[in-house]
Structure formats: C-alpha cells, structure tokens
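Reader: Could you walk me through this model and tell me how each label is earned? I would like to see the values set against the cut-offs.

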Amino acid sequence: MRIVRFDSLESTNKYCEALDLAEVEDFTCYWALEQTAGIGQRGNVWASASRENLTFSLVLHPTFLPADRQFKLTEALSLALVDVLKDFKDLKDPKDLKVKWPNDIHVDGKKICGTLVSTRLSGNAISSAVCGIGLNVNQTSFPDWVPNPTSLSLLTGREYELEPLLRQLLACIERRYNELKAGLDPEPEYLEHLLNLGLPARYRYNEEEIEATITGVDPHGRLLLTTSDGRRISCGMKEITLL
Ligand code: BTN
C-alpha cells in the first residue's frame, strides 16, 4: 500500500482522474490535507476544513468484478468504513452507525463520511476505480449549507491524528477488498447496516412525496422499495431523497 500525500489539491478524485490509471499500482492512496474544490455526490461540493479531516482517493484495479457489479465495491467500502467507526472505542453506541444508501455513513442520524466512486471499464470488466473518501475527523463547525454533518470530534469531544486513522482505514478497506476478491459477497452485511431497511419512512421520489419501505438493493445497486400503497419501485440516486 502506497500513500502519496499532498498539502493541497483541488480534489483528490479530480487529481486521480487525470492520471494514467493503468500505470498506477493497485491500492495507491492519494491523500490531501486540504482540498480547495472537493467534489461530492450529485455534483455537490464536499466541504472539509483544511487539515481537519481525511480526504483521500484510493486507486484500485478490481479487474475481477464484471462491469455491472460496481456496486459490490461500494458495499465493501461502506463496510470498511463501518468497521473503522465500530471499533472506535470513544463512540458510545455503535448501534447508531448506519449506511445511508448508497454509501453515506451516518452516526446518530448525522453524516460523518461520504464516498464517491468512479470506474473505468475494459471490455466487460472494471479496469480501475477511483474511490474518493471524505471522513469528518476534527472539524467541529460546518457551513450552514452542509446537510446534517457530524465528525469524530463532535461525537467524542476529542481530537485525532489524521495519519494513524488513515492507515487504520486503509487496512480495513484492504481486508474488505481482499474478501471481495476472494468471492465473498458483502451484500448481506451491507443490508444489516442499511438505514431504514424494513422501516416505513417518507421519501421524495421524483416529484412525488411517498411513504415507502426499503426492501433491499438490486444487483446494479438500485434501491428497492415498496410504497405504502403496495407499488414496488427501484430507484437510482437522482430519483429519491429521504425526507
Ligand atoms: C458525498 O457527497 O457524500 C461524497 C463525498 C466524497 C468526498 C471525497 S473527499 C476525497 C475525494 N475527493 C473529492 O473531491 N471527493 C472525494
């Protein structure tokens, strides 16, 4: 495992996207102490105060995964993040640790971590993946427009050194990645941690407000729900928001 550290980058994902990924060794981590234009899901900005949090991108070559099974990588990454936070002795109640579909990590109902995965294909296989991870560590105040954020410091009142935490996180990712490579399906465990699985909740679905219950994910990672009036729906990320 190789870690390449930068004082400041626009975005570690953007940096990796510009690389010739075929030339990058599997499991190389590009870590920036500061991102000046961090990218979030749905084209949002990822706000992270300079030197306070972990912002990094990991380059992987999951050539063993068929192109239409990218979501397995998302599931494995989410579980690695859960592994790290679950073992965090300072957190009071690890039961409140949830994956909000597709891959936000929530503690006590607030978002502590976001992941942004992009892949490149070669034929029917994934030749490389850039897995961008932002974990809120020491930041205790966030801009008003950031929805529902928390951080390790907000949860525990303590400060953390970034590099040991990064190494711990990478070790957990490596373990989950190796399990995936060995053919272990992360889905059952992913579903165990999925926020609102089996629980009725209100969502905005396209232009509608609905009450629905999450029943699982399909092989492409689309979220499966049954509405309170018995309709079965499957959604991509742009189609559904938890209210
Ligand atoms: C989300 O919106 O939940 C995804 C956030 C992903 C943020 C990380 S920080 C490191 C990497 N570089 C980026 O610009 N984004 C990802």
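**The ligand and its surroundings**

Author: Gladly! At least two residues of the shell around the ligand come from each of helix H1 (12-17), strand S3 (54-60), strand S6 (110-122) and strand S7 (125-135). Helices (H or I, at least four residues) and strands (E, at least two) are DSSP runs, numbered from the N terminus. This is a predicted model, in which local features need pLDDT of at least 70, side-chain atom pairs count only at pLDDT 80 or more, and totals for chains, interfaces and linings use all residues. Residues are numbered from 1 along each chain as its sequence is written, and side-chain values use heavy atoms, with hydrogens and water left out.

Reader: Which strand or helix gives the largest share of the shell around the ligand?

Author: That is S6, with four residues. In total, 20 residues surround the ligand, and Ser-11, Gln-35, Ile-39, Gln-41 and Lys-111 are the closest; a residue counts as near if one of its heavy atoms lies within 4 Å.

Reader: What makes the pair of Lys-111 and the ligand a polar contact?

Author: A polar contact is a pair of N or O atoms within 3.5 Å; within protein, one must be able to donate a hydrogen and the other to accept it, and residues adjacent in sequence count only if both atoms are side-chain atoms. An N or O atom in the side chain of Lys-111 is 2.6 Å from an oxygen atom of the ligand, so the pair qualifies. Of the ligand's 420 Å² exposed when taken alone, the protein buries 98% (Shrake-Rupley method, 1.4 Å probe; for residues, only the protein chains shown count as cover).

**Salt bridges**

Reader: Why is the pair of Lys-86 and Asp-83 called a salt bridge?

Author: The term asks for a side-chain nitrogen of Lys or Arg within 4 Å of a carboxyl oxygen of Asp or Glu. Lys-86 and Asp-83 meet at 3.8 Å, N to O, so they fit. They are three residues apart in helix H2 (residues 70-86), and therefore separated by about one helical turn.

Reader: How do you know whether Asp-83 is buried or exposed?

Author: Buried means under 20% relative accessible area, exposed over 50%, partly exposed in between (1.4 Å probe, protein chains only). Asp-83 has 4%, so Asp-83 is buried. Lys-86, at 36%, is partly exposed.

Reader: Which residues are linked with this pair in a network of salt bridges?

Author: Arg-175, Arg-176, Glu-179 and Glu-189 are linked with Asp-83 and Lys-86. Within that network, Glu-179 and Arg-176 meet at 3.8 Å.
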